[in-house]
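Q: Hi! I'm new to this and would like to look at a protein together. Can you walk me through what sits on its surface?

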Amino acid sequence: MNVKMGKDKRVMVRFDESTFMALNEVAIKMKTNLSVVIRAFCKKQISEITDINGNIILHEGTESKQQCAVDDS
């Protein structure tokens, strides 16, 4: 599959107040934009669950833990 890299994609995400405040505090301490912090955290998490070829590697038991952390409210 060929994927063309073009204009950056935008995604709207909702955070609870405490998560938002923590992310905002990190951004202030790093003297950068909130969006930069969020992208950095996302990139780090993705790198932790992918191998060097970009394949997703979830260890047994990881999937159920991750599902508990998801809040669709």
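Q: Which residues make the nonpolar surface patch?
A: V11, V13, F15, F20 and M21 make a patch of about 510 Å². Patches take residues with over 30% relative accessible area and no salt bridge, joining nonpolar side chains (Val, Leu, Ile, Met, Phe, Trp, Tyr) within 5 Å and like charges within 9 Å. Areas come from the Shrake-Rupley method with a 1.4 Å probe, and for residues only the protein chains shown count as cover.

Q: What should I know about the model itself?
A: It's a predicted model: local features need pLDDT of at least 70 and side-chain atom pairs count only at pLDDT 80 or more, while totals for chains, interfaces and linings use all residues. Residues are numbered from 1 along each chain as its sequence is written, and side-chain values use heavy atoms, leaving out hydrogens and water.

Q: Back to F15, where is it?
A: F15 is in the segment before α1 (17–30). Helices (H or I, at least four residues) and strands (E, at least two) are DSSP runs, numbered from the N terminus.

Q: Is F15 buried or exposed?
A: In between: F15 is partly exposed, at 37% relative accessible area. Buried means under 20%, exposed over 50%, and partly exposed in between (1.4 Å probe, protein chains only).

Q: New topic: how many salt bridges are there?
A: The count is one, where the side chains of K44 and E48 meet at 2.3 Å, N to O. The rule asks for a side-chain nitrogen of Lys or Arg within 4 Å of a carboxyl oxygen of Asp or Glu.

Q: Where do K44 and E48 lie?
A: Both are in helix α2 (residues 34–48), four residues apart, about one turn of the helix.
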